[in-house]
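Open the model in a viewer with residue selection ready. The stops below go from single residues to the whole chain.

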Amino acid sequence: QTKEGWWSDEMFRLLGKVPGGLVPTLDLFISSVHPDDREKVIQSAAKAREGPDPLDVEFRAIRDDGVSRQFQSRAEVVRDSAGKGVRLVGTTQDITDRRQAEGALRASEERYRAFIAQSRDGVWRVELEQPIPLDLPEDEALERLLRHGYIAECNDGMAEIIGLSRAEDLIGKRIESLVPATETRTVESFRSTIRGGWQNATIELKD
């Protein structure tokens with residue numbers, strides 16, 4: 001209502017300001033927000049004040065030293081007896097490093113997937129619907145692998161090895177549908193993997 005506020009010392013430091021050197025106000029806060037993000041912050045605060053949900057907004061801010069950082073503010077709305085929002089109480093975090101790390105991870109994942117998709121080698125990943133305990137007898141572990149294992153990810157190269165045209169045609173298929181019991185070399189490869197504590201993943205697909 002008054003646009004006045006209270007900030008912890010860390011809040012001042014996050015924005016590159018001297019703790020206690022300025023009177024914290026809504027206008028002071030908004031002035032630090034990147035011009036392109038100010039309207040988003042203002043609208044998010046107004047929506048929280050009028051609606052049932054708390055404030056949760058990400059934005060860029062330009063510190064007093066000119067450095068731009070990314071922040072996330074979360075706050076609960078304190079209401080009067082009539083239910084009208086009278087103040088926000090919350091926290092602001094500097095999430096710049098986290099977002100940069102997430103961006104680097106996405107870029108790395110995209111490069112990895114592009115490499116896999118273009119590889120002439122068959123690349124695959126098997127998932128299990130149910131975990132297989134390491135102490136199960138070999139025959140039971142093999143039976144569970146064949147029954148509960150499925151292709152969760154692969155490239156076109158792997159699909160071609162199986163005799164399919166696209167990776168999409170192979171994803172989701174059960175191991176037991178791809179490995180007939182007559183393919184003794186493949187089954188023995190699975191047994192060898194089980195006996196090796198699931199460390200050996202050299203699998204021969206066909207006789």
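Select Thr 96, which is found in helix H4, residues 96-118. This is a predicted model. Is Thr 96 buried or exposed? Its relative accessible area is 7%, so Thr 96 counts as buried, the cut-off for that class being under 20%. Now add Gln 70 to the selection: Thr 96 and Gln 70 are 26 residues apart in sequence, yet their C-alpha atoms are 4.8 Å apart in space. Show Arg 69 as well. Leaving aside neighbours within four places in sequence, Thr 96 is in contact with Arg 69 and Gln 70.

Next, select Phe 59 and Phe 71. The structure holds 3 aromatic pairs, and Phe 59 with Phe 71 is one of them, a stacked pair with 6.0 Å from centre to centre and 25 degrees between the planes. The pair counts as stacked because its planes are under 30 degrees apart. Which parts of the chain does this pair tie together? Phe 59 lies in strand E1 (residues 55-62) and Phe 71 in strand E2 (residues 68-79), so the pair links parts that are 12 residues apart in sequence. Both Phe 59 and Phe 71 are buried. Add Phe 29 to the view: Phe 29, Phe 59 and Phe 71 form one aromatic cluster.

Move to Gly 16, placed in the loop between helix H1 (9-14) and helix H2 (26-32). Gly 16 has 29% relative accessibility and counts as partly exposed. Not counting neighbours within four places in sequence, Gly 16 is in contact with Arg 63 and Asp 64. For a long measurement line across the model, pick Ala 114: the C-alpha atoms of Gly 16 and Ala 114 are separated by 41 Å, with their positions 98 residues apart along the chain.

Then select helix H5, residues 138-148. Which residues of helix H5 are buried? They are Ala 141, Leu 142, Leu 145, Leu 146 and His 148. To see what covers them, colour strand E4 (124-128), strand E5 (149-154), helix H7 (175-178) and helix H8 (184-195), which are included in that cover.

Stay with helix H7 and pick Glu 176, which is found there. At 43% relative accessibility, Glu 176 counts as partly exposed. Apart from residues up to four places away in sequence, Glu 176 touches Leu 146 and Arg 147; of these, Leu 146 is among the buried residues of helix H5. Pro 137 is a further point to label: Glu 176 and Pro 137 are 39 residues apart along the chain, and their C-alpha atoms are separated by 19 Å.

Finally, clear the selection and show the whole chain. The protein chain has 8 helices and 5 strands, and along the sequence they follow the pattern α-α-α-β-β-β-α-β-α-β-α-α-α. Turn the model along its principal axes: the C-alpha trace spans about 80 × 40 × 30 Å. The radius of gyration is 28 Å, whereas a compact globule of 207 residues would have one near 17 Å. Of the 207 residues, 29% count as buried. Among contacts with a separation of 6 or more, 40% involve residues 24 or more positions apart.

With the surface switched on, the accessible area comes to about 13500 Å², and 50% of it belongs to carbon and sulfur atoms. Colour by charge last: the chain has 30 positive and 38 negative charges, and their mean positions are 4 Å apart.

Definitions and conventions: Residues numbered from 1 in each chain as written. Predicted model: local features only at pLDDT ≥ 70, side-chain atom pairs only at ≥ 80, totals over all residues. Heavy atoms only, no water. Phe/Tyr/Trp six-rings, centres within 6.5 Å; stacked < 30°, edge-to-face > 60°. Helix = DSSP H or I, 4+ residues; strand = E, 2+ residues; numbered from the N terminus. Buried < 20%, exposed > 50% of the residue type's maximum accessible area, 1.4 Å probe, protein only. Rg over C-alpha atoms; globule rule 2.2 N^0.38 Å. Contact = heavy atoms within 4.5 Å. Areas by Shrake-Rupley, 256 points an atom, 1.4 Å probe, with all protein chains shown as cover. Lys, Arg positive; Asp, Glu negative; His and termini not counted. Charge placed at Lys NZ, Arg CZ, Asp CG, Glu CD.
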